[in-house]
Each structure stands twice: as C-alpha cells, then as structure tokens.
Amino acid sequence: MKAGTYFSVNSELKMLTTDAITDGSGNCTLAFKPALRTSPSDNQAIVTALPSCTMILTDDMQAAWDCDKNGIYQPKTFTAIEVFS
C-alpha cells in the first residue's frame, strides 16, 4: 500500500502517511492519520477494498444543487465530517 491509500479499521477511515513495507513474513507497521480512537483487537483485519466510514454533512446547504441557464447541473462538492459512534 502506498502513502495516500485509504483503509478502514474499527469503522474508522484512515489514510497512510508513508508507504507500507513488509518484512520477509509479510508483517508491516502502518503510519496513518488520524489516530485511532480505540485500539483494534490483535490481528484484526483492515479493510482496503472500498474502505468506508459513516459521515454527516456539515450543514443543510450541502444539498443545494445549482444549474446553468441551459438546465445543466454544475459539478457538486460537499463537506462532511466523520460520525463517531
């Protein structure tokens, strides 16, 4: 896995800050941000295929869509924060 790769563990979304390099046995230590809120159990798997977390929009205006005079919708961006459960 390369720096910038996202993964999830404990339903938390994380991003690698350095490349993951394995030893001869396939073990590695991951450097990532943000920090874990709770420690995972020993040997808990991490999700690398379609990692996810639960998020909420930062305000009610995030759902407003704009279109031009021809009725073509403009590119949409939004801001969300992770929900802690």
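The following paragraphs describe the overall form of the chain and the surroundings of selected residues in a predicted model.

The secondary structure of the chain comprises 5 strands and 0 helices. Read from the N terminus, the order of elements is accordingly β-β-β-β-β. In its overall dimensions the chain departs from a compact globule: for 85 residues such a globule would have a radius of gyration near 12 Å, whereas the chain has 18 Å. Along the principal axes, the C-alpha atoms occupy a box of roughly 60 × 25 × 20 Å. Burial is assigned to 9% of the 85 residues. The exposed area of the chain amounts to about 6800 Å², of which 56% is supplied by carbon and sulfur atoms. With regard to contacts between residues at least 6 apart in sequence, 40% join residues that are at least 24 apart.

Two of the strands contain residues that count as buried. Strand β1 spans residues 6-9 and includes Ser-8. The relative accessible area of Ser-8 is 6%, and the residue is therefore classed as buried, the limit being under 20%. When residues up to four places away in sequence are not counted, the partners touched by Ser-8 are Leu-13, Ile-46, Val-47, Pro-51 and Ser-52.

Strand β2, formed by residues 12-16, contains Lys-14. This lysine has a relative accessible area of 1% and is buried because that value falls under 20%. The side chain of Lys-14 is joined to that of Glu-12 by a polar contact of 2.9 Å. Beyond the neighbours within four places in sequence, Lys-14 is in contact with two runs of residues: Thr-5, Tyr-6 and Phe-7 on the one hand, and Phe-32, Lys-33, Pro-34, Ala-35 and Leu-36 on the other. Tyr-6 and Phe-7, both among these partners of Lys-14, fall within the residue range 6-9 of strand β1.

A further feature concerns the surface. Ile-56, Ile-81 and Val-83 together make a nonpolar patch of about 240 Å². Of these residues, Ile-81 belongs to strand β5, which covers residues 80-82. The relative accessibility of Ile-81 is 47%, so the residue counts as partly exposed, a class that lies between the limits of 20% and 50%. Ile-81 in strand β5 is thus partly exposed, while Ser-8 in strand β1 and Lys-14 in strand β2 are buried, at 6% and 1% respectively.

Note on methods: Residues are numbered from 1 along each chain as its sequence is written. This is a predicted model: local features need pLDDT of at least 70, side-chain atom pairs count only at pLDDT 80 or more; totals for chains, interfaces and linings use all residues. Side-chain values use heavy atoms; hydrogens and water are left out. Helices (H or I, at least four residues) and strands (E, at least two) are DSSP runs, numbered from the N terminus. Buried means under 20% relative accessible area, exposed over 50%, partly exposed in between (1.4 Å probe, protein chains only). A polar contact is a pair of N or O atoms within 3.5 Å; within protein, one must be able to donate a hydrogen and the other to accept it, and residues adjacent in sequence count only if both atoms are side-chain atoms. Contact means heavy atoms within 4.5 Å. Patches are made of residues with over 30% relative accessible area and no salt bridge: like charges are joined within 9 Å, nonpolar side chains (Val, Leu, Ile, Met, Phe, Trp, Tyr) within 5 Å. Accessible areas come from the Shrake-Rupley method with a 1.4 Å probe; for residues, only the protein chains shown count as cover. A salt bridge is a side-chain nitrogen of Lys or Arg within 4 Å of a carboxyl oxygen of Asp or Glu. The radius of gyration is taken over C-alpha atoms; the globule rule is 2.2 Å times the number of residues to the power 0.38.
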